[in-house]
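Let's take a friendly walk through this structure, with a few stops along the way. Have a look at it first, and then we'll start with a single residue.

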Amino acid sequence: MSDGFFYSYHLGWSRPDAESLFGDLDAAGLRLNHPVTRRVTLIGPGPDPWGTLSWVTREQLVLLAGLQRIDSVDFLLWTDGGADVPARVRKMRDGVVALEFAIGQLTRDEQELAARAIREAIGRASVLCIGFVVDREGASAATDWSGVVVNGTTFFDSWPDTLAVRHEIAARQPQLSGVASYDQSPWMLFGSEVPSR
């Protein structure tokens with residue numbers, strides 16, 4: 001098991017954004033409803049490593065994930081095969097919202113499905129998405145990725161699989177200078193997903 005993850009950072013987050021995200025994830029193969037029980041699972045504070053699991057309606061989770069009354073919500077997404085993907089939507093400073101998906105416990109095929117689904121879902125909202133980072137093995141999990149993606153000021157010790165930042169952040173971050181990249185508006189992509197030319 002690894003600490004693999006997919007993090008993305010967004011501006012102007014609201015309840016309609018949460019609803020759109022869940023719909024896009026569902027269409028791409030990551031669902032709120034468990035494939036057998038059809039339950040939507042919320043993760044709350046608790047003594048277990050996972051916390052306390054409770055079941056809510058989709059509408060309740062959309063309301064919570066809009067972050068109008070709370071700063072963070074944790075829940076589970078599901079692959080069609082029944083593998084769970086722990087996820088979090090949380091407020092940060094300066095109006096930024098982080099979407100965090102733990103993909104390290106998935107098989108390689110499931111990781112690819114999850115990463116593709118998440119990327120498709122956040123890509124549809126690219127106007128609001130500042131950038132994202134994918135690290136399937138979690139080697140860079142200790143890095144303050146919000147400092148890299150949002151501000152371009154934090155340095156990192158280990159390269160993730162994919163790093164996508166806005167053009168102005170790429171210009172500001174010295175570690176990205178002269179590194180092979182790919183322009184996929186509104187981001188510059190760095191890492192193993194950069195096409196060979």
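Leaving aside its neighbours within four places in sequence, which residues is Ala117 in contact with? Keep in mind that this is a predicted model. In it, Ala117 is in contact with Leu25, Ala28 and Leu30 once those sequence neighbours are set aside. Ala117 lies in helix α3, and it is buried, with a relative accessible area of 1%. If you want a feel for distance, try Ser14: it is 103 residues from Ala117 along the chain, and the C-alpha atoms of the two are separated by 21 Å.

**Helix α1**

Two of those partners lead us to α1, a helix of 14 residues that covers residues 15-28. How far apart are its end C-alpha atoms? They are 20 Å apart, and this agrees with the 20 Å that 14 residues should span at 1.5 Å a residue.

Now turn the helix around and see which residues are hidden. The buried residues of α1 are Asp17, Ala18, Leu21, Phe22, Asp24 and Leu25. Their arc around the axis is only 165°, so they sit on the same side of α1. There is a simple rule behind patterns like this: an α-helix has 3.6 residues a turn, so residues three or four places apart point the same way. Pro16 and Ala27, on the other side of α1, are exposed.

What do the buried residues of α1 pack against? Their partners are α2 (58-65), β4 (72-78), β6 (96-102) and α3 (108-123). Right after the helix comes Gly29, with a positive phi of about 110°.

**Where α1 meets α3**

Back to the pair we started with. The axes of α1 and α3 are 8 Å apart, and the two helices pack at an angle of about 140°. Angles over 145 degrees would count as roughly antiparallel, so α1 is oblique to α3. The crossing of these two helices is right-handed.

Which residues do the meeting? From α1 come Leu21, Asp24, Leu25 and Ala28, and from α3 come Ala117, Ile118, Glu120, Ala121 and Ile122. Ala28 is a good one to pick out. It belongs to helix α1 and is partly exposed, with a relative accessible area of 21%. Beyond four places in sequence, Ala28 touches Ala117 and Glu120.

**Over to Thr79**

From Ala28 you can hop to Thr79: the two are 51 residues apart in sequence and 10.0 Å apart in space, C-alpha to C-alpha. Thr79 lies in the loop between β4 and β5. Is Thr79 buried or exposed? It is buried, with a relative accessible area of 5%. Not counting residues up to four places away in sequence, Thr79 touches Gly29, Leu30, Pro35, Glu110 and Leu113. Gly29 is the residue just after α1 that we passed earlier.

**Helix α2**

Helix α2 has its own hidden face. Its buried residues are Leu61, Val62 and Ala65. They cover an arc of only 105° around the axis, which puts them on the same side of α2. What covers them includes α1, β2, β3 (52-56), β4 and β5.

**Backbone oddities**

Let's finish with the backbone. Here are the residues with a positive phi, side by side.

| Residue | Phi |
|---|---|
| Gly29 | about 110° |
| Arg38 | near 70° |
| Leu67 | near 55° |
| Asp94 | near 60° |

Gly29 comes just after α1, and Leu67 follows α2. Arg38 is found in the loop between α1 and β2 (40-44), where it is partly exposed, with a relative accessible area of 49%. Asp94 is in the loop between β5 (84-91) and β6, and at 69% relative accessibility it counts as exposed. For both Arg38 and Asp94, the positive value occurs in a residue other than glycine.

One last stop: which peptide bond is cis, with omega near 10°? That is the bond from Ser185 to Pro186. Pro186 lies in the loop between β9 (181-184) and β10 (187-191).

Terms used: Residues numbered from 1 in each chain as written. Predicted model: local features only at pLDDT ≥ 70, side-chain atom pairs only at ≥ 80, totals over all residues. Heavy atoms only, no water. Helix = DSSP H or I, 4+ residues; strand = E, 2+ residues; numbered from the N terminus. Expected span 1.5 Å × (residues − 1). Buried < 20%, exposed > 50% of the residue type's maximum accessible area, 1.4 Å probe, protein only. Arc of directions from axis to C-beta. Contact = heavy atoms within 4.5 Å. Axes fitted to C-alpha atoms, helices over the stretch in contact; angles between N-to-C directions. Parallel < 35°, antiparallel > 145°, perpendicular 65-115°, else oblique. Left-handed = near helix turned anticlockwise from the far one by under 90°.
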